[in-house]
Every structure is written in structure tokens, then in C-alpha cells.
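Welcome! Please take a look at the sequence and the 3D structure shown here, and then read on for a short guided tour.

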There are 4 protein chains.
Amino acid sequence: MTDPDHVDLLARYEDVRSQTERLAAPFSPEDQTAQSMPDVSPMKWHRGHTTWFFETFVLAPQDAAYRPIDPAYAVLFNSYYVGVGPRHERSARGVITRPGSSEVAAYRHHVDAAVRRLLGGSIDDDVRQRIVLGIQHEQQHQELMMMDIKHVLAQNPLVNRSDRADQPVTERGPTGWRSFDAGLCVVGCDRGASFSFDNERPEHRAFVEPFAIADRLVTNGEYLAFIDDGGYRRPELWLSDGWALAQRESWCSPLYWDLVGDGWEEFTLEGRGSLDPSLPVAHVSYYEADAFARWSGARLPTEQEWEVAARALGADDVHRHMALHPGPSDADLFGALWQWTQSAYSPYPGFAPEPGAIGEYNGKFMINNQVLRGSACVTPPGHSRLTYRNFFSPGSRWMFSGIRLAKAIS
Amino acid sequence: MTDPDHVDLLARYEDVRSQTERLAAPFSPEDQTAQSMPDVSPMKWHRGHTTWFFETFVLAPQDAAYRPIDPAYAVLFNSYYVGVGPRHERSARGVITRPGSSEVAAYRHHVDAAVRRLLGGSIDDDVRQRIVLGIQHEQQHQELMMMDIKHVLAQNPLVNRSDRADQPVTERGPTGWRSFDAGLCVVGCDRGASFSFDNERPEHRAFVEPFAIADRLVTNGEYLAFIDDGGYRRPELWLSDGWALAQRESWCSPLYWDLVGDGWEEFTLEGRGSLDPSLPVAHVSYYEADAFARWSGARLPTEQEWEVAARALGADDVHRHMALHPGPSDADLFGALWQWTQSAYSPYPGFAPEPGAIGEYNGKFMINNQVLRGSACVTPPGHSRLTYRNFFSPGSRWMFSGIRLAKAIS
Amino acid sequence: MTDPDHVDLLARYEDVRSQTERLAAPFSPEDQTAQSMPDVSPMKWHRGHTTWFFETFVLAPQDAAYRPIDPAYAVLFNSYYVGVGPRHERSARGVITRPGSSEVAAYRHHVDAAVRRLLGGSIDDDVRQRIVLGIQHEQQHQELMMMDIKHVLAQNPLVNRSDRADQPVTERGPTGWRSFDAGLCVVGCDRGASFSFDNERPEHRAFVEPFAIADRLVTNGEYLAFIDDGGYRRPELWLSDGWALAQRESWCSPLYWDLVGDGWEEFTLEGRGSLDPSLPVAHVSYYEADAFARWSGARLPTEQEWEVAARALGADDVHRHMALHPGPSDADLFGALWQWTQSAYSPYPGFAPEPGAIGEYNGKFMINNQVLRGSACVTPPGHSRLTYRNFFSPGSRWMFSGIRLAKAIS
Amino acid sequence: MTDPDHVDLLARYEDVRSQTERLAAPFSPEDQTAQSMPDVSPMKWHRGHTTWFFETFVLAPQDAAYRPIDPAYAVLFNSYYVGVGPRHERSARGVITRPGSSEVAAYRHHVDAAVRRLLGGSIDDDVRQRIVLGIQHEQQHQELMMMDIKHVLAQNPLVNRSDRADQPVTERGPTGWRSFDAGLCVVGCDRGASFSFDNERPEHRAFVEPFAIADRLVTNGEYLAFIDDGGYRRPELWLSDGWALAQRESWCSPLYWDLVGDGWEEFTLEGRGSLDPSLPVAHVSYYEADAFARWSGARLPTEQEWEVAARALGADDVHRHMALHPGPSDADLFGALWQWTQSAYSPYPGFAPEPGAIGEYNGKFMINNQVLRGSACVTPPGHSRLTYRNFFSPGSRWMFSGIRLAKAIS
């Protein structure tokens, strides 16, 4: 008799696996092949890599009868798991034209069939947890697929051109501030019934000084005022490394903005059109978020402050569907844009990575990155949490990142 | 009534245009999208660029009724013609996923239809010459397509792996030498009935000291002896820039060779298999050709010497079909591998580039390149001449290049 | 009548200024000119820059009669103060041969004379604080001078060669651990009678989980065991960025170690000789410190933990003279080697940089750096504090950095 | 009894050796230490390297009793002679502060004494030739010293500033043209009584089509007209590689020109002052010379044409002293500026490098360089010849290079 838990797990597995293919369906084999910068991976690579993850961490150790389609896939689709074996060079993923898009689909079917067989039998808790991890992992890559294809298409003058009709602009009131007293707070979570990544663990205490946090994200209109006030020409507003990068790459706006005549346009996955000043500003680096905050007389929150506020607000992931761009929403802790925090991505006190190669998932990146909290419009529903720690290098801009301000109060 | 010359020209046009599509047909949309290094262009880009060439230099100035499919194509498919307008960055051709492979086919049909219409009417000689130039240009790109896709596929461990059966090895005798006396010779050609590029013109005189030239190309077996004698470890054999490049890129063999166990394998467009010592050594840079020649106690010929010898031998392009790799042929002035010469690619005395943007075709590259003479197995039949000057930078190896030795005699 | 405070301040000024010249005296004009990497500045540049600091932040705003020696010095000797004006490119300091070493001495005399004049009159508290800041700043550069000249000389095979006699090796016992309970602690300091940099302020609370910290630094002998156990060949021990850097630069030991035959030697400012296993390991990057700690089953302390421990130990800066290399001391919180912490260099809650260009001193570097605590043998006596926050990028190794371990306890 | 030939050779040796020191004398130890780009060497390195040349190629093989001052010098002062042994990295010469300037002087004395001893005895012809080669080599480095120190000082705003008084401008008439018929000519020379480098040999025949060559160098005034006509903004005038380099490095004038207000100034070793339109344009790359020639409706001469013209004009090196900048002279085949030719630096037919490591002197650079003919104001008197082949990469500008035009005639 089939374990009802298995039924549920299999249903979630099938659901996420098919969602990946639904997301990829609109994109041609050519679209799915290109890599526009080393940080970006081709879409068909994401489809293969997430499959490799189940093959490597679930099937290989469990299913002696499992036969890979091709031993070369183990190299091509390994991202960064040194403990598992050699990896194709990350920056050269775009040159791998084979397996093609439909061969990747066949690879996915092959692995799915094996996972179904496995779930038809008895599995131990460790396997179960790895399948859950694989599901969460694939959801992360669903978001990466959308970030990455946006970057690919934005390079193409055939695609990135004015073709989107203007929408009515929503009026936005001024930012409100929510205040919190000083005190010990609880941060992170322990391993438990509901899923968490190792980097969110363990639950621990932190002391937070009095602070206030904005009740909504910074808008394009507010960010335009920063630009108009010389934001990209005033080094005193910037961190030193950020200023150097902005100069080197000639930044004068967020990524995906274009000055057309004397009006700004924004490229989104829905096309390019006039910049809507009421929408939250998106695709800013940590450096820009930090400079904007300094210009505003405010600062970015720490991740502890963000978590304190989110817990207090009773907020949780309430968005129900992915969207290609954030709308003018007030409930924007989740589902609009990831929010940069002032916190470097460091291990929590007592952090212990998972044993084995799977321990490379998070821990080895705990340097030179900043934490982002919340989630974004392209984050799959069900894949966000109060304790979720996303992270990117401070100069990155191609993810769906935005700005929530904070400030000290007395 | 239709001009019979037009009929002939149209037939040649159709022939070359359809040949391009036949060459591309075996390759998937994914294969046709990737760019494995800045020198390489995606196959579908070649198909678009050759089409753009007719659109820009034939249709645009002649056919007021002609309508481009998309104005962005003019930028995407311009290679290096600054005089024509802006160009998409060369090194970023691989990120252009749209137009896709089938949209490029539609673009080709669109332009072909317009060229047919044009040739249905009366055209002046200048237009006729430009169509001929476009045909020759497309033949050049047919060869580039084969060079480039070979480089793309070679990066892929799924493709570049041992799978080709060994062929029987042909015995090769020792190299023979053909001697020539000192004297004034004729080099190059004038504009005339048969086609030539501007860089082959004008016909002029040169003085050549006595020399001898080898009667066949250097073989893999001979090149292996160079390797075994420390060829890649002895700086005294190398030009200074060549040694620096070889060290920087860790060269220890020609491109596309792999040491598997203690045997060498060679990757070709037919797969990878044991290195055949009787075949001519291919995919060597000028630096390697020059070092090999020095090690042999010989040198490379000048392009004048090569031309003197080829004229004397009554040789001309006699190969009748493209091949994916050179065979063990004795008649190898043409149709096996391009042959590096000691001559820098410089203007002939009296050289005058074509007027206008088309003048950028050749002249502006007359620095930092070396001349190669002859033709290769992937050169389209009918696209080689005694006076043909091919050129590449001395460190390039991805074209089908080989070695013919020469030496001074007294 | 002269203010007695001024007398004291002037004495400190004269003391530090003349100490800089004493440190530089053994080095030739040639030694003082070279820049061995962008992070390194020539010694005569340090002597000029510290002088420029007083000229720019003390004399220029205060002394209308002050005349600079040469207006070009304001550009040449500005390090990174964008708010003050243009700066000579940092990486090109080594090409500035003039002013020469003796002209820099004249520049120092010129500014010293003006500062003496200023201190002969009445000055307000802000000026006084800037002179104190200038003194502290010059002490920082005294340490930089020693770090930088060590790096310059190490590149020179005439200097960096075995010539130092072995010293008797001191026996070291095992590391002891000092434990601390969880609790709220006090970190940092407020502006007060004694000097502090803005980055140490304000005093604030932090919660610290139970931890233990080592009672001495990691030794060369212990680090050798890490190397011998494959420390530089096992990616699972390393942060991802660290592993990439170590591979790119072929690290296989700390900076300044050389394997001679089968024995390690260490280059110090006293020459090169056999590695003394009892001395603390020096010149390691954060990545190496972190990998060593992971290999040891421990971790690096946070800066809060370090400060808690140092306060508890009643430790303070007790070393009385600079040394060219750390000795085998037990009291090594200060005066031996800076100690890497797990803490990213971030602003303290409530941090406010100084107003004006002087605010660029610290705040704009609060990204991509890690905090080091304590002080080193080359730190000038009197220039260290419990709350002192030194910082370097995690890949830097040319400063006098070492390793103190910590671990969680329950 | 002393061989009178030895007396003469020793006198020439002493003369050239002391001339090097006279040239270096005005420059401080700091000036002599810096390296402003990889192509530039510090002045004290030149002084050491020329000494090393005698030590390595004359003393070491001849004088068993000779003892080097320090074995490390053999590495530090070897430029590019791989056959002799390891070399300090070229781009890192500026970090070698020791030996200092006066220690280099001691090194020179040490070697000079040994050479004197050697010349006091009997030497064979090979040794004699090597001493002559060493003398010629040192003369080449005298010129390099002046080129290099000019580049070093030009980086320094203390030195490179307007301080040179204007000179009266000499009126220049239009360029005259000297015509030559087609014909076989003689190029190069054989080894003989008078010195030649191996790259000038052997004497051989070449056929030259009819041409005319300008009777003077292009002036600053003429070059300004090119600039004013958009010379640096019109890609159609440029070779492709040249245009790319000019864009990458933002060229808009020759090296050492500065636009101050709306007037051009030129930096020379005598200081910076208004550009004199009557002087020959200096410090142009091959790319600029070629673009200027194209804009003029002319071209650069080949080296064969240059030699034909110089032989016909009966010209030879007539300048009698080095100067820091060319004056307004009519006799400018020699002694003003090196003249770019259209000829790539290739081996002459029958070229054979010297045997052994000394054969690395010239031959291994016969790729990616263009030939310059004549000599410059900073070339030591007596160090130029009709057959002299100087060479630099086409993008180099820091040598004293100018432009002489040529054109085809019928």
C-alpha cells in the first residue's frame, strides 16, 4: 500500500516539475541556449540542473538500478558541488548546445519516472528530506530562470524596444514608518516539520536597538528624484567599491531603464514602456540601494530588523501566483521585490551546514554577499518564509531586488 | 526579355544561397545559436549576415520598393562595416537568440525574392559586380560556418569524445622539393573578366631569390616528431610572441588534438578518433608552423614564392566538393588546408580598396595578420584561385590551416 | 602664554612625526619609490600623505597665511578623499619619482613648522581633535609603511633570500580555551576624552551566545599540520570565493613562506630563515584563517566575542615598542598579529561618520571587508584599543594578520 | 705589446660606457627606479642590463677568473635571452629597488675593469665582434633610456606642466617629392668590416615599382590639419586594429600633446610649451602615421623604397650630437625622428640569426612589428646606417617616431 505521505510528496514533486516546464514553454530552443553573462545560466541548463539534483542526491544513492542517460550530463549539469565531481566551467554554459531543449525534456522524463518508482516504494526520512530539498531547489531555479531569461532578452534590440502600452499610474501616499523598541528578538528557525534551508538555522537571539522601518518599498518616482538630484554623480553618497563599479560600468539608472528622449522607459518581461513612477524601483544593486538610503537620510534595515518587523506584522507569504513584474501593492514584504538588508551574509551562531556535498548548498557562499529578505513577483508561490535568507553580491542587479528603508529612532 | 547573363548570375546566386542552407541543415537551432569565442559567429548569424550583405549593398541602393523585415536586422547582421552604420558587438553575437533559426530562413527567403525581382529587370555592371561579390562573400562564410561550428562542438564533452573508427593509414613517402631560380615574377592580378578581391590586385612584379618548396604538406606524423623532440618546450624554436601565447594558453599540440592515455586523438567534424599520422597536420597557428619549420631546418614560403610555385605547377583549384577533413591527397595546393606563408598581409604596390563602405572588406585588416595561400577542404568548390590571399592573425588556429615548407637554395 | 594642553599635543605631534622619519631612515630613495602592487604605496608617498593630511584638514581651514610648497602635492598625496578634490591614481603612485625622498623631508619640515606656529596660538576644540586624528592617522601609516616595504622587498631576489640564522624554538603547550556565557554585552565606545575613530562608535548592546575563545594565536607548527593534511588542496574546507582565489594565485602556504628543498622558510623584515613552528602564523588571508578554523573543528570569533573576551581579560595594549616580527608571546591579544574575525565590517547601530570630507575616513569602506581585532608587532605603541576595528578585504595577506580560534559551547 | 686595434676598441668602449653615465647623471635615484608601463624599463636597469650584456656574452665565456658581484644580477638584468637562463619578469622591473643607483655604478666599474683586463691581452675575432655588438647594444639602450625616462616623467604633474618658453616658429615650405623609377634595387648589407646587426643581412635584391618620397617629415602643423579635419573621429581613415586601440585608449592627438584651453602644448624632455607647428610631428603610432597618410592621399614608404631613396640621396648619419627633441631641420633622414614604413618586420631572404643565445637579439621579434628607418635626435651619433632596421609594434608611441610620406607614381 502506498504511503499517503508519499502521495502528497509525489504530488508536490509533480507539481513543481511541471511548473518548470510551463515556465520554459514560451521560450524557443535558441532563447534557452544563450548565456548573457557568467552569472546567467541558459534556461535549458536550469531545466537540466534541477533534474541532475534529483539524480545525484536522491536517485544515485538510493536506486541501484537507476541508469543515467549519459555520463557526461553529470559534468554538464553540476553547478558548484565540488564534492560530487568535476563541473563544466560556469561561464561556458552557453556554448553547450547539446543536449538540446527537447533532449533536456527527455532527461527530465527519465528522472521523473525513476523518482516515481522510488516513491512507489518505501523511503527513509533522509531521502524524503532530500526530495523536499530538491523541490525547494527547483523552485529557486524557477525564479533564476525568469531573472536569467530577462537578462538574455534585454540584450537584444529586437526584444528590448518600446512596445508596451502605458498603464494608468496609481497614486502613492508618502511612506509610513513602523517603530520597534529595543530588545532581544528571535531570529531564524530550527529544523522542524516545515522546510528550511540550513542557512536559516538555528533559531537564536539577537539584540536590536530601537528602529523604524518603512511600510512600503521605494518607488520609481522617489528613485527618480534621487537621480535628478545627482545621485549617480555624487561620490559622497556611495560606498567606495560601489562608486568604483558605477563609474567602471557607467551606471546612471537601475538596470533595465533606458532614457528615450527625455523620458525613462523600463524593460520588463512584458516589454518596454514608460516608467511607472508608482511602481517599486527594481533591479538595483546593494550599492544603489545604500546610496539611495543615505541620500534619503535613512538606511537599509538589518536582516534582524526586517525579521522582527515581518513577524510583528504577522506577514507571511501571501502571494498566490508568479508575475513578471511587481504591481503597485501595499502588501509588499513578500511577492513584489527582494529587499536588500545591511547585513552581510554570515553564518548564524551555531550554524552547521548539512553533511556531505549537499553542505555546499549555502555555507560556502558566506562571504562577499549581502542578505536580501522577503520574496519577489517571480518567486514561486509557497517558496518564501519569514526566515528566508536570499543573498547576492552587492554589485548584482539582475535579480528582482528593491529597497525598503529603515532608520534609528531614540 | 531576360538577359542571358542574368539567367546565369541568378543560377549562381540560387546555387550558393541554397548551398548555405544545405550546410546548415544538420545543425539544430541550439547549435546555430552558440558563440564559443569572439572570433566565432553563430551559424544562424552567418546565414543572416550573408543575407544582409545583399540587402545592404545590392537591394538598398537599387530597389526603392524594397522593405526590410525589421530595421534591427541592419544592426544585428552588420559585421564590421562602419561606413554603413552601427553594429551589434561582435563578441556578443551568441546572446542574440532572436531572430531564431527559422526566422533567419524567412529573412533569406525575403531577400532572395527581392534579388530575383531585381535580376528580372535590367541592372548595370556595378550592381552585377556587387552580386558577384555577394556570392563570393557567401562562399567565404560557408567556410567560416564549418570552422565555427567545429569550434562550438569541440567545447562539448557530449560531442567531442572518442567515437570515430580508425581508418587504414596511408603510407607517405618523404617530402620532395621543387626548385626555382631567382628572377622577377608576376604576382596578383588585375580586375578582369574573372572575379578577384581588391586585395589580390593589381598584378605587379616581385623579385624572388632562388628557393625550393615542398611538394606536399607536413603530416601529423612529422609534426608528432616535433612534439616528441620537445617542440612545445623549447623557446629557441619560437617567435617571442608565439612562445608567450603558447605558455599563456598551455599549448602542447595543435588545436583539436587530445592525449588519451598515451595516444593522440583528433577531433574532426566526423567525430574523434586516433590521430592518423599520414594526414596533413591541421589547425596550427602561424607560430606553430614557423616553429616547426625552424625545427625542420626549413622555413615557410613567402606568398610570392607560393604563387610562383603554384603557377609553375599549373595547379588550380581542382577539388570538386567540400569535405569535413582533408584526406591523404598529393595534390594539396588546393582543397586540403590553407598554407601559412611568411608574408605579412600588406597592400600590394598600387593597391586601392573599393570605394565606399565596401572598401572596408579587406584593406583595413592589413596589419597584424599573415597571409595563407591555397584553400581547404571546407572551402567551397570554385572559391579558390592562384592569387587568393587569405589572412589570419598569427595566433589563430581554428581555421583549417596547415604547413608547407620552403627553403633557400643557392 | 602657551596652553599646557598645546604643549602636550605638540609633544605628541613631534613624537609621532619624528618616529615616521626614524622608521623610514634605513630605506634608500629607491626603496621608498617602488610600489609592488596597487594596495601598496611607496614609503615616501606615506611620508608625504600623512603630511598632506595635516595640511589639508588642519592648516588649510585654519591658517590663512599658510602657503603650500607646490599645488600639485594636493593631488599627488590625496589618497581617497573625493570631497577634497582630484587624486592621482592609486595604482600609479610608484611612477611618481618627484618629489624625491629628500624633497618629501622638506615638505614635512614645511608643514611641521606651520603646525608649530598654529599650536603657538589658540585653537578651538575641533582643530585640536583634527590634530589628534592626524596623529592617529600617521600612526596607521607607520604600520602601513612597514607592511608595504616588506612587500616591496620580498619581490627582490637580492633581498628575499636565506640569510637569517635560526633561533632556538620555544616549546608551546596546547591551546587553552576561555569560556563565556550567553548574555548582553557592550560593544564599541562613545566619543569621549580618549580618542576613537568614528567606526568604533557608538557604544551599544549586542547579544552573544555562549562561546569559548582560544588563549593564544595559532602557531606555524599548527598551520603546517593543516598544510600537511591537504589544507590547500581540499575545496570542502574553503569558502567558494577563497578557493577560487587560492587556485587563481596558486596559493600553497601563507604569504612570505618558501619551500626550500623540503623545509619551509619565512621571509621577515629581518631576513629569511627557517620557519619557527612556535611562532604565530602570520600573513594569512581571511580565507585561509577560515579554512584553517574549519579544519580544526572550530571557527573564527565574531568581533563582539573578541571584544567581550578582551574586556574580560582586562587586556589592553601593553606592548611598548614596535617589532619587525611577532615573538613567541603569550599575551598576544595585542602586539603580535591582528586577528581575523568572522564579522563583516558593517556600521554599528547608530553609526554616524564625521561630517565633511573627513567622513570618508572609514564609513565608505563598510562593504566587502572583514574586521580584524587587536594589533600587531608593527602597530605603533599607544595605537591600539579594545574597541579598535581594523579591516581588510578577505583575500588580503600583506598585513600582519594571524588566527585566534573560537567555538560555540553549550 | 698592446694591439693597436685593442686600443681603438677600448677607446670606443670607454667612450660609450661613460656616455651612458653622462646621460643618466641628471636623474635622481628615484627617477631611475620607476617603470611607467611594461614597455618602459627603469634607467638604472638599463645601466645594469648593458653591463650584464658584456658580463654574459664577453666575460663569462672568456675570463675564467671573472667573478660576478652577485649571482642574482644575472637574473635581474637579463632582458629576454631565454637561452642564457631565467629572467626577472619584465613588467616588474620597477619593483627592484636594489641594487640602487650607486650600486649599479659599482657594478659597471666592476665589469669595466674586467673588460679592460681582457683587452689588455689577446682576444680572438669572435670576442672582438661581441664587444662591438655590446657597444652597439649599449647605444641602443642610451636611446631607450631617453625614451623611457620621458615616459616616466610625463606621468608626473609636477614635471609635465607648462614651463617652457615659446621659440620663434620657423616657416616651412610645402613638401617636395623625389621620384624614382621602377627597377631592381639592392637592400641590406652583408657582414663586413663595418658593423651591422644580423637583421640587416644579407644584401639582396628587390623589385620596386615607381614611387615618389617626401623630402621632409610631416610637421605638427600638417598633423593639426588632420586632427581638425576629424582625423581621430573618422574610422574610414584607420586600420581596424588601430581604430579599436585609439577608441580603447581615447586617443585624440599624438602622445605628449595636451590641449590647454584651446591651444595645444607639447611635452618634451625640455619641458612643456606651445606646440611648434614647424617641427616634425613626433610620438605617433604606426596607426596614426598610416591614417594621416591615407587622409593626405599618400601612403607610407616601404623599407625598400626608403633605402633606395636614402642611398640615392647620398644621405648618411650626419648628426653629431644627441638632442632632446628634433629641431626644424631639412636633412631629416637621420637625426630627427624614426620613420614608420609600411613594411612588416620580416626576415630578409637568406636571413640567419647569430648562433647561440645571442641569436635571440633580433630574429625572434620578426612578427607583429613594423620597420622604422633612419634615426632620431636621441639616437647616439655614430649609431645609424642606411640599412638599419628599427622595429616597434604598430600601436607603440613612446619612441621618437615621425612620418615621411610616399606615393605611387606612373
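What you see is a predicted model. The tour begins with a helix in chain D, moves on to some cysteines, and ends where two chains meet.

**A helix with a buried side**

Start with helix H7 of chain D, which spans residues 240-248. Four of its residues are buried: D:Gly242, D:Trp243, D:Leu245 and D:Ala246. These residues lie on the same side of H7(D), because they cover an arc of only 165° around the axis. A general point about helices helps here: an α-helix has 3.6 residues a turn, so residues three or four places apart point the same way. What lies over this side? Among the parts that cover the buried residues of H7(D) is helix H8 of chain D, residues 286-295. If you follow the chain just past H7(D), you come to D:Ser250, which takes a positive phi of about 55°.

**Cysteines without partners**

How many disulfides are there over all chains? The count is zero. A disulfide would need two cysteine sulfur atoms within 2.5 Å, and the two cysteines in the table are too far from their closest cysteine sulfur for a bond. Both are also buried.

| Cysteine | Closest cysteine sulfur | Sulfur distance | Relative accessibility |
|---|---|---|---|
| C:Cys185 | C:Cys189 | 14 Å | 10% |
| D:Cys185 | D:Cys189 | 14 Å | 11% |

**Where chains A and B meet**

Now turn to chains A and B. A rotation of 180°, with 0.0 Å of shift along its axis, superposes chain A on chain B with an RMSD of 0.0 Å. The two copies are therefore related as by a two-fold rotation axis. To find this axis from chain A, look for A:Glu30: its C-alpha is the nearest in that chain, 2.6 Å from the axis. Both copies use the same surface, since 100% of the contact residues of chain A recur in chain B.

Chain A brings 30 residues to the contact and chain B brings 31 residues. The size of an interface is often given as the accessible area lost when the parts come together. Between chain A and chain B, the buried area is about 2200 Å², and carbon and sulfur atoms give 61% of that area. Charged side chains take part as well, with four salt bridges counted between the two chains. One salt bridge to look for joins the side chains of B:Asp70 and A:Arg161, at 2.5 Å from N to O.

Key
Residues numbered from 1 in each chain as written. Chains lettered and ligands numbered in written order. Predicted model: local features only at pLDDT ≥ 70, side-chain atom pairs only at ≥ 80, totals over all residues. Heavy atoms only, no water. Buried < 20%, exposed > 50% of the residue type's maximum accessible area, 1.4 Å probe, protein only. Helix = DSSP H or I, 4+ residues; strand = E, 2+ residues; numbered from the N terminus. Arc of directions from axis to C-beta. Contact = heavy atoms within 4.5 Å. Least-squares fit on C-alpha atoms with pLDDT ≥ 70 in both. Buried area = accessible area lost by both parts, 1.4 Å probe.
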